[in-house]
There are 2 protein chains.
Amino acid sequence: MQGVMDQQEALKAAVGKDRLDRMFRPRSVAVVGASSSPAKIGGIPVDYLTSLGYAGRVIPINPGADTIQGLPAFPSLTAAPGPIDLAIVAVPAAMVEATLEDAIAAGVPALVVFSSGFAEIGAEGAAVQDRLAARAAAAGVRLLGPNCLGFMTVAERCHATFTPVLKLGQPEPGRVGIVSQSGAFGAYALVLAQRRGIGISHWITTGNEADLGFAECVEWLARDPGTDVIVGYMEGARDGDRLRAAFRACRDAGKPLVLAKVGRSEVGASAAASHTAALAGEDAVFDGVFRQYGVIRAESIEQVFDIAYAAAVSVLPRGLRAGLYTVSGGAGVLMADKAADCGLEVPPLNEATQDAVRALVPFAGTRNPLDITGQVVNAEGAFRQALGLMARDGSVDLVVSFLALTGQSPVMGPRIAEDLTHVRSTDPGIAQFAVTVPTEAFRRQLEAARIPVFEDPNRAVAAAAALAGFGQRRNAPPSGDMAIGPALDIPPSSTEPQALALLRDAGLPVTDFTLAQTAQEAGAAAERLGGPVVVKVVSADILHKTEAGGVRLNLTGARDTQAAAEAILASARAHAPDARIDGLLVAPMTRGVAEVVIGVQRDPAFGPVVMFGMGGVHVEALRDVTFRAAPIDEAEAMRMIREIRALRLLTAPRGAPPADLGALARLIARVSALAAANAAGLESLDLNPVIVGAEGKGCVIVDALLIGR
Amino acid sequence: MQGVMDQQEALKAAVGKDRLDRMFRPRSVAVVGASSSPAKIGGIPVDYLTSLGYAGRVIPINPGADTIQGLPAFPSLTAAPGPIDLAIVAVPAAMVEATLEDAIAAGVPALVVFSSGFAEIGAEGAAVQDRLAARAAAAGVRLLGPNCLGFMTVAERCHATFTPVLKLGQPEPGRVGIVSQSGAFGAYALVLAQRRGIGISHWITTGNEADLGFAECVEWLARDPGTDVIVGYMEGARDGDRLRAAFRACRDAGKPLVLAKVGRSEVGASAAASHTAALAGEDAVFDGVFRQYGVIRAESIEQVFDIAYAAAVSVLPRGLRAGLYTVSGGAGVLMADKAADCGLEVPPLNEATQDAVRALVPFAGTRNPLDITGQVVNAEGAFRQALGLMARDGSVDLVVSFLALTGQSPVMGPRIAEDLTHVRSTDPGIAQFAVTVPTEAFRRQLEAARIPVFEDPNRAVAAAAALAGFGQRRNAPPSGDMAIGPALDIPPSSTEPQALALLRDAGLPVTDFTLAQTAQEAGAAAERLGGPVVVKVVSADILHKTEAGGVRLNLTGARDTQAAAEAILASARAHAPDARIDGLLVAPMTRGVAEVVIGVQRDPAFGPVVMFGMGGVHVEALRDVTFRAAPIDEAEAMRMIREIRALRLLTAPRGAPPADLGALARLIARVSALAAANAAGLESLDLNPVIVGAEGKGCVIVDALLIGR
């Protein structure tokens with residue numbers, strides 16, 4: 001099933017890619033609404049395309065001029081000589097539909113629409129935009145925008161944009177692709193990238209996304225041979241499947257995808273919702289899906305480019321184990337703090353390695369951070385040897401070196417650079433990151449050896465950690481077959497015993513419950529179960545059972561249980577005289593080392609998503625929960641478990657052995673499989689609580705709320 | 001009491017300041033171990049002092065030379081012409097004690113000791129260092145180092161250091177003072193400051209701190225008229241009182257103190273402990289004390305200087321309410337997210353303001369962020385008017401403006417700069433921060449109007465938030481008289497009822513408990529109390545009462561209670577046959593909306609510190625706790641309460657009204673007063689749990705563990 005879907009997707013992608021290739025690598029570009037003034041929106045792209053080195057044909061379209069900026073102009077696309085790969089549209093909103101018809105008639109396969117006045121101005125504009133999108137789709141024409149800043153294909157100097165940024169200088173060609181849902185932001189990011197010396201392959205702004213969206217642009221870059229690293233700015237997405245396909249494509253291509261996704265905070269999310277036509281969706285769900293596919297989430301534009309720079313220069317670290325190598329003890333401590341913040345491990349070096357370092361440098365701090373002290377930079381050979389010892393220790397996947405100001409030193413700089421590059425060549429599997437204020441020559445030498453150079457130690461560690469996380473995901477054993485199913489017949493509403501029965505029949509571990517119709521039956525059930533039991537009233541009309549006196553715990557034997565059951569019924573009737581009561585649920589009291597919650601809900605973008613968190617206040621008050629798009633396998637479920645802040649309540653519960661995380665991961669994965677198989681019929685599922693036993697003891701669903709649609 | 005202490009401190013500080021003035025602003029500097037080679041540790045300071053513009057006398061001391069670098073040299077300090085304000089000591093460790101004697105004999109009041117080979121190499125070196133410190137103290141000589149990089153007083157070009165950094169260029173004089181416990185790190189920070197264009201008043205590295213420590217240097221800068229902002233790098237401190245005095249001095253002088261304190265993480269703390277001779281202390285306690293005194297904690301060197309730059313340029317924001325003004329919706333969302341991370345509020349603008357903005361710019365996002373869209377920069381006047389509307393709305397204390405690339409634009413740049421500075425002049429109470437890639441002229445114009453300029457929006461917001469936090473603390477009403485007391489007679493160990501009685505007698509709200517000697521007495525006590533009670537075994541030998549079957553809840557009436565009490569005694573005896581049992585504690589079952597923990601512990605640096613957190617897993621497993629050095633007032637206690645992550649469990653408990661935070665803050669403050677008054681006799685106090693009632697219902701201590709010393 002999954003395999004077939006993948007093939008279809010691949011086929012679709014191949015066809016789409018061909019059209020997008022013509023858009024993003026056009027051999028001829030028409031500019032509709034071309035102006036003679038290089039300061040106007042219709043004149044800027046003509047200026048850029050003619051003066052900055054684009055080798056293809058440029059065809060100004062303007063019914064009122066014979067020549068535009070020295071080029072012969074034509075009154076319409078149909079009147080212009082073909083073939084035209086791309087039409088840039090820079091006419092008022094009211095003329096865009098006519099331009100599209102002209103483009104279709106002229107056989108132009110791709111349009112970039114700069115014009116604003118569509119969905120961003122309200123319902124009327126949105127309606128025009130929808131017509132535009134439908135017409136383009138029907139005609140097989142691809143459309144970027146409207147209300148976008150266009151794109152650039154840097155190596156080919158194809159600057160199909162009107163951003164004034166290019167007047168400050170052209171971007172350097174390189175292997176980092178940029179996609180931005182915001183034009184202004186994309187332009188700003190481009191300038192910051194230029195200032196960082198980051199080479200760009202493509203720069204794409206998606207505007208209102210009438211047709212071509214953020215996800216499809218990312219996916220195209222994932223397949224683009226000229227792009228190694230993809231960075232994106234996003235505010236939201238409507239089509240979660242498309243986005244996941246893009247994430248998969250990046251992952252499968254081994255290309256780090258670094259996203260600045262805004263709208264994390266309440267104010268931010270509401271600002272994003274009002275600013276963008278796209279539905280923002282719940283940020284925590286996006287966050288979970290990013291983790292699921294190894295997408296690197298950056299908090300700032302600066303961090304986006306820190307990571308992009310590191311990814312473009314460095315080899316991928318194999319894992320999260322960091323060696324911190326420093327000529328200043330203080331910097332070592334600072335980096336250790338930051339490493340912990342970023343989820344890197346800083347394991348102690350082996351004793352033999354530590355002894356060997358001490359033999360070289362008596363007063364070195366040798367555990368990790370390895371502080372070889374400032375003196376060692378003067379001791380010929382010791383720097384290189386100690387660094388080599390750390391690289392070959394076997395306990396680290398990457399090394400971050402704090403070099404103080406040696407990168408500026410005419411004497412020490414070249415030697416230190418030699419030392420670092422030497423260890424890169426002897427230990428190529430160890431990724432290296434350097435921190436210093438470098439000279440240009442120092443920086444170039446290190447980058448040639450695939451060592452990124454940072455001035456701020458924390459930023460170096462954060463970038464290394466992001467790459468290491470991606471590298472670790474790449475190295476994780478591929479997940480086995482992802483189970484989907486079983487498909488269930490889910491009624492719009494279920495009582496608790498109905499929900500539990502459905503889940504039990506689906507093979508999930510459910511408490512050994514009985515539905516009793518009378519208090520006497522409840523007593524009999526308790527006797528049959530033996531040990532202490534819980535009795536709960538069953539009624540779709542009573543939402544808060546405890547408040548209604550509808551729950552009694554720790555009952556033993558037929559007599560006590562029957563009495564309690566009678567009390568429950570009386571109390572429930574008193575609390576809600578009109579409630580329909582469907583009986584009493586009797587189940588054994590279940591003990592474990594922890595209570596957790598597993599949920600399924602429908603996300604507007606991603607469909608069924610599975611949620612995990614600790615029970616009680618951790619879910620609602622503390623929002624210590626994590627999400628994934630269903631389905632996921634057990635390894636992914638285990639990553640969810642390990643993401644929650646309250647993990648210690650499972651791994652080191654007070655006065656109890658560690659919880660059975662394996663069984664819990666299995667259950668989460670099976671719930672996700674069920675959610676995926678029942679996407680059409682399932683509105684939400686809330687397993688609260690699930691009791692997790694000690695290792696080897698499994699886990700049990702003791703309450704369930706199931707809502708169909 | 002507090003007043004007297006302050007006076008004494010002030011007097012001591014005044015005397016110390018005079019000596020330190022001679023150290024840090026010497027009119028004459030001797031260099032002991034002066035070398036003719038400007039590359040050697042004893043030659044570098046002579047070179048710097050003679051070639052970089054220092055106006056005082058420079059006196060090389062070297063018994064083997066008549067002249068050093070063109071200056072007459074002398075064989076010893078006593079042989080040199082006085083008065084000598086400062087002696088730089090650059091001789092081998094073995095000769096430092098003799099040099100000190102020579103300095104004392106020559107009447108030199110201050111020494112900077114570069115020499116290494118003291119505490120940092122082990123016990124032997126530490127012993128020599130201790131002798132050195134004791135001798136200096138006895139003779140009234142102040143000593144910076146040993147094993148330090150020295151200091152610089154930039155305006156006077158007094159470069160009493162051997163850091164090679166100065167060969168890359170001298171720092172610009174300015175009003176930011178730097179103190180670093182790490183020399184290498186201090187040098188690195190200095191270069192980053194230079195590259196940021198931050199002007200420096202003093203740069204001081206403290207090395208091994210045999211005499212003069214980090215705290216005293218900070219305090220001297222707090223009183224230095226040439227310094228407005230102080231930044232520091234610290235790893236730990238032994239003398240918490242001294243550190244608090246320094247923090248108070250900064251606060252009282254209104255000078256922001258920005259610290260990079262390393263050792264937050266486990267690995268970091270252990271690395272710091274092994275790297276520095278100073279005791280690191282518990283980082284969470286440092287963190288609490290920083291908050292207590294409005295010290296700004298930065299996470300990276302970069303952030304240190306972001307904040308220092310903002311503080312040196314901007315007026316202080318009056319509070320935490322941020323207006324976000326942007327020409328790009330995406331940047332507005334990004335900044336809103338970051339503002340939430342940093343504890344800034346982003347309140348909606350008043351409706352009237354929003355209407356007025358919409359009248360100017362129909363499609364603007366007006367709530368806050370105020371997104372005036374990219375078009376407005378072309379609409380003459382609208383930018384200034386909308387910014388002014390936000391500044392005058394009354395709901396914000398500061399504005400962060402995202403200007404995209406206008407700072408580079410030859411046309412728009414100057415106009416935008418005029419607009420921003422205009423609003424600074426019409427609304428001088430509103431602090432402004434700008435984000436753009438500026439030209440040098442743009443940046444200078446804004447800085448002259450006290451508007452700091454950042455390239456990265458997140459860094460701008462973070463720096464604004466740090467300053468706003470400091471500004472808010474400055475504007476908070478001064479705390480009333482800080483209560484201390486009462487002094488108690490605390491035995492080394494107490495049973496629970498003894499501890500509760502002591503606290504009750506000290507005036508704290510303690511549960512209405514009775515100590516019963518027999519089960520029958522327990523029954524009688526329950527009857528007297530009326531409603532349901534709890535009974536607990538009282539025994540110093542039974543630590544885990546629940547595990548020993550020593551606790552029974554929810555008992556009502558004499559008979560049931562007596563029976564339960566008998567069961568408790570039997571169970572306790574079975575569990576711990578040798579335990580001495582002191583009776584049974586009977587207390588009413590106390591209900592509230594939340595359970596919290598208040599603790600007191602002794603910190604190696606700060607003495608008695610008070611801790612607050614939610615009860616249960618929040619303290620031990622989740623470490624969601626906060627600390628303060630005792631005593632604190634109620635306002636400070638309220639800030640503690642508001643710092644915990646689980647605050648919602650108090651402000652919005654599930655199915656219950658908000659908790660009585662006022663009563664809780666009062667109790668925390670009173671516990672802190674008690675801790676301060678009993679610093680000598682109190683090892684630790686653990687009130688766990690304290691039951692907090694709904695607003696107006698107060699709170700009650702229901703269990704206490706008290707350990708004396």
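Which residue of S2(B) is the bridge partner of B:Val29? In the predicted model examined here, that partner is B:Val58, and the pairing to which these two residues belong offers a convenient place to begin the description. Strand S1 of chain B, which covers residues 28–32, is mostly covered, with 4 of its 5 residues buried. This strand pairs with strand S2 of chain B (residues 57–61) in the parallel sense, and 5 bridges are found between them. Between the two strands the chain passes through helix H2 of chain B (residues 44–51), and the β-α-β crossover that results is right-handed.

S1(B) also pairs with strand S5 of chain B, formed by residues 86–89, where the two run parallel and are joined by 4 bridges. B:Val29 takes part here as well, with B:Leu86 as its bridge partner in S5(B). B:Val29 therefore has a bridge partner in S2(B), namely B:Val58, and another in S5(B), namely B:Leu86. Turning to chain A, the secondary structure comes to 23 helices and 29 strands, and the C-alpha trace spans about 100 × 80 × 40 Å along its principal axes. The chain has 709 residues, of which 55% count as buried. Among the contacts in chain A between residues at least 6 apart in sequence, 72% join residues that are at least 24 apart.

One helix pair of chain A may be described in detail. Helix H18 (residues 519–529) and helix H19 (residues 558–575) of chain A pack with their axes 7 Å apart and at an angle of about 145°, and their crossing is right-handed. On the side of H18(A), the residues that make the contact include A:Ala519, A:Ala522, A:Gly523 and A:Ala526, while those of H19(A) include A:Ala558, A:Thr561, A:Ala565 and A:Leu569. The residues of this contact divide into 7 nonpolar, 4 polar and 3 charged.

The two chains also touch each other, and the contact takes 62 residues from chain A and 62 residues from chain B. On the side of chain B, the elements that give two or more residues include helix H5 (183–195), helix H8 (266–275), helix H11 (329–341) and helix H16 (457–475) of chain B. Among these elements H11(B) gives the most, with 9 residues. The residues on the side of chain B that touches chain A divide into 33 nonpolar, 15 polar and 14 charged.

Technical notes
Residues numbered from 1 in each chain as written. Chains lettered and ligands numbered in written order. Predicted model: local features only at pLDDT ≥ 70, side-chain atom pairs only at ≥ 80, totals over all residues. Contact = placed C-beta atoms within 7 Å. Nonpolar A, V, L, I, M, F, W, Y, C, P; charged D, E, K, R; others polar. Buried ≥ 20, exposed ≤ 12 C-beta atoms within 10 Å, placed from the backbone. Axes fitted to C-alpha atoms, helices over the stretch in contact; angles between N-to-C directions. Left-handed = near helix turned anticlockwise from the far one by under 90°. Pairing = 2+ DSSP bridges. Right-handed = clockwise from strand over helix to strand, strands pointing away.
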